[in-house]
Structures are given as C-alpha cells and as structure tokens.
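Take a look at the fold below. We will go through the sheet, then its helices, then a few single residues.

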Amino acid sequence: MCAKIDDDLNELDPLYQSLLEGNKQFIKDSLKIDSEYFTKLAKGQAPPVLWIGCADSRVPANQITNTAPGEIFVHRNIANMVIHSDMNMLSVLDYAVNVLKVKHVIVTGHYGCGGVIAAMGNQQFGLIDNWLRHIKDVYRLHAAKLDAIADMDERCDRLVEYNVIENVRNLCKTSIVQNAWKIGQPVGVHGWVYSLKTGVITDMKVSAYDNANMDNVFKFK
C-alpha cells in the first residue's frame with residue numbers, strides 16, 4: 001500500500017519526473033553519437049585519475065575537466081576532506097590506487113565553499129560540526145596569515161586554498177599512497193581550486209610523487 005502511495009506522489013511531482021525524462025534524453029543523445037556507447041561503457045573502467053572533491057552540486061568533475069564517463073574515478077564529501085579515520089574515503093583511495101592503478105589523485109576544492117565558510121564561524125550546525133572541526137584545525141595551522149586578511153571573502157578563499165594544500169599532505173601521509181610509492185608505482189598527488197565565478201581551475205603547485213619532502217615522523221619504511 002505504501003509503495004502505491006509513493007508511486008502516486010511521484011507521478012504528481014514534475015521535478016521527480018523530469019529526472020527520469022532527462023535520463024531518456026541522455027540515452028538518445030548518447031546513442032546518436034555512438035550506437036555502442038553503453039556497450040563499451042559496461043565492459044569496465046580504467047580511469048587514470050581519482051578525484052577527491054566537494055559534494056557541492058556546482059562542481060561536477062567530468063564537466064569542468066571536459067572528460068567523459070569512465071575517465072575519472074570520483075569521491076566527494078563536504079569540503080573535499082581527506083581524514084585519516086574516514087573509512088569511506090580510504091576505501092575509495094585503496095581501490096583507486098591498488099586495483100584501478102590510477103596515475104593521479106587530485107584534491108579539488110572550490111572558492112565559496114559552504115563547508116569552509118561554516119567552519120570559519122562559531123555557529124553550531126549539528127552533527128556536521130564534528131566534520132567541520134577538521135577545517136577549523138586547518139585554520140588554526142594558518143591562523144596568523146588568515147587573521148591578517150581583513151576582507152572575509154578573501155580570507156575564505158585563502159582558507160579554501162590552505163584546506164586543499166593540507167588535504168594533499170594528508171593524502172601523502174596515508175599508507176596506501178606511500179606503499180604505492182615504495183614499490184615504484186607512479187602516483188602523483190595534486191591540489192586544485194575551482195572558481196565558480198570563472199570556471200577556471202588553479203593548480204596549487206603542491207604536487208608530490210614521493211615522500212621525500214614529508215616530515216620524517218609521517219614516513220613509512
């Protein structure tokens with residue numbers, strides 16, 4: 001009975017129906033370009049890139065890099081965080097590095113990130129406060145430079161950049177990445193920031209291909 005009620009409600013919801021209609025149009029458009037599109041896609045994936053990005057709906061990995069489905073393996077969360085106790089992220093990273101053998105892992109943040117903005121304030125939001133605390137730790141590490149920026153929008157943008165940089169470092173500290181480097185597997189770790197206003201991706205110039213520049217305490221033998 002509940003299923004029938006749900007079906008009736010769905011039929012009356014134009015937004016819900018538009019998503020299904022959009023899927024039909026996507027199939028038609030894809031098959032016009034390549035009649036074997038879905039047959040090829042179903043054979044498997046071998047993406048060379050793992051993207052760790054923000055869950056923000058305005059930052060779709062494939063669209064802003066002009067790549068096709070199957071070219072980027074994607075993990076997204078609030079404010080593109082790499083947290084050492086996050087088993088979801090670690091599972092994705094492990095699969096990407098050890099099974100898919102990706103060549104690059106890219107942490108991609110974006111200016112105007114809601115998670116970063118929330119972390120800069122003192123308001124409580126609920127459960128997410130525990131997640132945002134990691135961004136507050138990033139602020140603490142760079143507090144002197146951030147507090148010297150009077151304009152709050154500019155300060156937020158700088159924290160977005162610092163957050164990407166620190167999470168690139170967190171990636172490098174994982175045993176998953178370090179073990180790949182140890183056996184000579186080529187994996188580059190990078191940090192990008194995307195601008196919603198211009199569409200431009202900025203490379204933070206913090207790429208790493210080994211643990212040579214890592215603090216000794218974080219290095220695995």
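**A walk through the sheet**

β3 and β4 pair in the parallel sense, over 7 bridges. This is a predicted model, so read each value below as computed from predicted coordinates. One rung of that pairing is easy to find: Val 107 stands opposite Gly 191 in β4.

Now step to the other side of β3. There, strand β1, residues 49-54, pairs with β3, residues 104-110. The sense is again parallel, and the pairing spans 5 bridges. Two of the partners can be named. Val 49 is bridged to His 104 of β3. Gly 53 has Thr 108 of β3 as its bridge partner.

Put these pairings into the whole sheet. It is open and has 5 strands, in the order β2-β1-β3-β4-β5. The pairing over the sheet is mixed. At the edges are β2 (72-77) and β5 (201-203), each of which pairs on one side only. Neighbouring strands are turned against each other by 25° on average, with direction ignored.

**Helices across the strands**

Next, the helices. Helix α5, residues 87-98, lies across β1, β2 and β3. Its axis runs at about 170° to β2. Helix α9, residues 152-173, lies across β1, β3 and β4 (188-194). Its angle to β4 is about 165°. Both helices thus cross β1 and β3.

How many residues of β3 are buried? The count is 6 of 7, and the strand is mostly covered.

**His 190 and its contacts**

Go back to β4 and pick out His 190, which lies in this strand. Is His 190 buried or exposed? It is buried, because its relative accessible area is 9%, and the cut-off for buried is under 20%.

Which residues does His 190 touch, leaving aside neighbours within four places in sequence? From β3 come His 104, Val 105, Ile 106 and Val 107. Val 168 of helix α9 is also in contact. Ser 207 and Tyr 209 complete the list.

Two of these contacts are polar. The side chains of His 190 and His 104 are joined by a polar contact of 2.8 Å. The side chain of His 190 also makes a polar contact with the side chain of Ser 207, at 2.6 Å. His 190 and Ser 207 are 17 residues apart along the chain, yet their C-alpha atoms are separated by 4.4 Å. Recall that His 104 is also the bridge partner of Val 49. His 104 therefore takes part in a strand pairing with β1 and in a side-chain contact with His 190.

**Two lysines with positive phi**

Finish with the backbone. Most residues other than glycine have a negative phi. Two lysines depart from that sign. Lys 101 has a phi near 60°, a positive value. It is found in the loop between α5 and β3. Lys 205 also has a positive phi, of about 60°. It lies in the segment after β5.

How accessible are they? Lys 101 counts as partly exposed, because its relative accessibility is 42%. Lys 205 counts as exposed, because its value is 71%, and exposed means over 50%.

Definitions and conventions. Residues are numbered from 1 along each chain as its sequence is written. This is a predicted model: local features need pLDDT of at least 70, side-chain atom pairs count only at pLDDT 80 or more; totals for chains, interfaces and linings use all residues. Side-chain values use heavy atoms; hydrogens and water are left out. Two strands pair if DSSP finds at least two bridges between them. Helices (H or I, at least four residues) and strands (E, at least two) are DSSP runs, numbered from the N terminus. Axes are lines fitted to C-alpha atoms, for helices over the stretch in contact, and angles run from 0 to 180 degrees between N-to-C directions. Contact means heavy atoms within 4.5 Å. Buried means under 20% relative accessible area, exposed over 50%, partly exposed in between (1.4 Å probe, protein chains only). A polar contact is a pair of N or O atoms within 3.5 Å; within protein, one must be able to donate a hydrogen and the other to accept it, and residues adjacent in sequence count only if both atoms are side-chain atoms.
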